[in-house]
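The report below concerns a ligand site and the parts of the protein around it. Please keep the sequence and the model in view while reading.

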Amino acid sequence: MDIEFVRSRFAKHFNGSKGFVYASPGRINLIGEHTDYNGGFVFPGAVQQGMMAEIKPNNTRTIRAYSIDLKDYDEFSLDDEKGPHASHFRYLFGVAKEMEKLGVPVQGFDTAFAGDVPLGAGMSSSAALESCFAFAINDLFGGNKISKWDLAKVGQATEHNYIGVNCGIMDQFASVFGKAGNLMRLDCQSGEFEYFPWNPKGYRLVLVNSCVKHELVGSPYNDRRKSCENVVAAINKKFGVKAETLRDCTWEQIESVKGDVDPVDIKRATFVMGEKDRVLAVSEALQKGDYETVGQKMYETHQGLSKDYEVSCEELDFLNDVAFDCGVTGSRIMGGGFGGCTINLVKKDLYDLFVNTVVEKFQAKYGKKPVIIPVVIGDGSRRLV
Ligand code: GLA
């Protein structure tokens, strides 16, 4: 993202004035999908692509916002009940309101923002936007008193309360806490996390964007979460326990409530339980530099996401098959699913062959090129100037 570009647009729309510039990244996730809202583990890292916003307080109660990418302008009051209609502005409004809830004396501001995280690719452009504004509002109005964890939760609450996606914490966590060159293993139950330097000798990570728009709003994403909650409720009832999420449940317990819930819910829970184990297996393998095991687990995740969690689509399964046929070490759907990217762990000497083959085969079958996105692990939310 080019800072001068953002600055020039801000100046153009706001009478040549100058504000402060903030950035926050999108993310990848090595493994641990749909585990965050189930109290499990995730393994994300921030990417270099992200959202950038120039912001200047305007001494009113009004946010005046310009989306550079969408060439769309709106203004809305912080005292508005409903807030703006367009989702790209609702993120800003939601973040501002959630920051107010934490006691930050938010005031109106002028802003122009843009991003280079491809929209709908499953790389969390929305978390990047939320985290960018949460970080900025904390800096501009909150004396930086709000913790990084709370900033991540502000983004998540915005999704829940203003957008309607009952997401977990992974995306906002990754955007706020990201560190160049490091993946992070987060335990979503306890909130504990570790940085894992990511320097796989002889391998590269690359995303292949199917360009099938992944859209979580009003999508079966919330249904997946509900299925998992149904299984937990059935277990609590049967065993008189107080499990909060599938993290607190065992395979045996799931087996024993098979007759009490919809078989579809059981399929969903089966995936989540397996995924919980896979993240731990991957952490262990990474410590030993055993990338073959990492890759094998990624393929297993893809199968689970496709067959049991049913968040894949034809194009993503095709990309996964091509990767396998090329001898790619690991490949799977990344993020919420229903479109977007696969993430691929590829031996360096196979990289060019894979990239060329996947583009060619996808184009031959679907009449359009998938987009190749090499992964570079970048930094989390920050102020640039
Ligand atoms: C989306 C959500 C995350 C997470 C992933 C799936 O990106 O925002 O919270 O659930 O899907 O792992």
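## Terms and model

In sorting residues by character, Ala, Val, Leu, Ile, Met, Phe, Trp, Tyr, Cys and Pro count as nonpolar, Asp, Glu, Lys and Arg as charged, and the others, Gly among them, as polar. The model is predicted, and the values that follow are computed from it.

## The shell around the ligand

The ligand is surrounded by 13 residues, of which E33, H34, D36, D171 and Y221 come nearest. By character, the residues of this shell divide into five nonpolar, four polar and four charged.

## Polar approaches and burial

Three side chains can be described by the distance from one of their polar atoms to an oxygen atom of the ligand: for D36 this distance is 2.5 Å, for E33 it is 2.7 Å, and for R27 it is 3.1 Å. Taken alone, the ligand exposes 310 Å², and the protein buries 96% of that area. The space that the ligand takes up is the largest pocket.

## Domains and their contact

The domain assignment divides the protein into domain 1, which comprises 3–197 + 379–383, and domain 2, which comprises 203–374. The C-alpha centres of domain 1 and domain 2 lie 25 Å apart, and the contact between them takes 34 residues from domain 1 and 44 residues from domain 2.

Which domains supply residues to the shell around the ligand? Domain 1 and domain 2 each contribute at least three residues to that shell.

Terms used: Residues are numbered from 1 along each chain as its sequence is written. This is a predicted model: local features need pLDDT of at least 70, side-chain atom pairs count only at pLDDT 80 or more; totals for chains, interfaces and linings use all residues. Side-chain values use heavy atoms; hydrogens and water are left out. A residue is near a molecule or strand if one of its heavy atoms lies within 4 Å of it. A polar contact is a pair of N or O atoms within 3.5 Å; within protein, one must be able to donate a hydrogen and the other to accept it, and residues adjacent in sequence count only if both atoms are side-chain atoms. Accessible areas come from the Shrake-Rupley method with a 1.4 Å probe; for residues, only the protein chains shown count as cover. On a 1 Å grid over the protein atoms alone, a cavity is a set of points where a 1.4 Å probe fits but cannot get out, and a pocket is an open set with protein on both sides within 12 Å along at least five of seven lines; lining residues have an atom within 4 Å of a point. A molecule sits in a cavity or pocket if more than half of its atoms lie within 2 Å of its grid points. Domain bounds come from an automatic or database domain assignment. Contact means heavy atoms within 4.5 Å.
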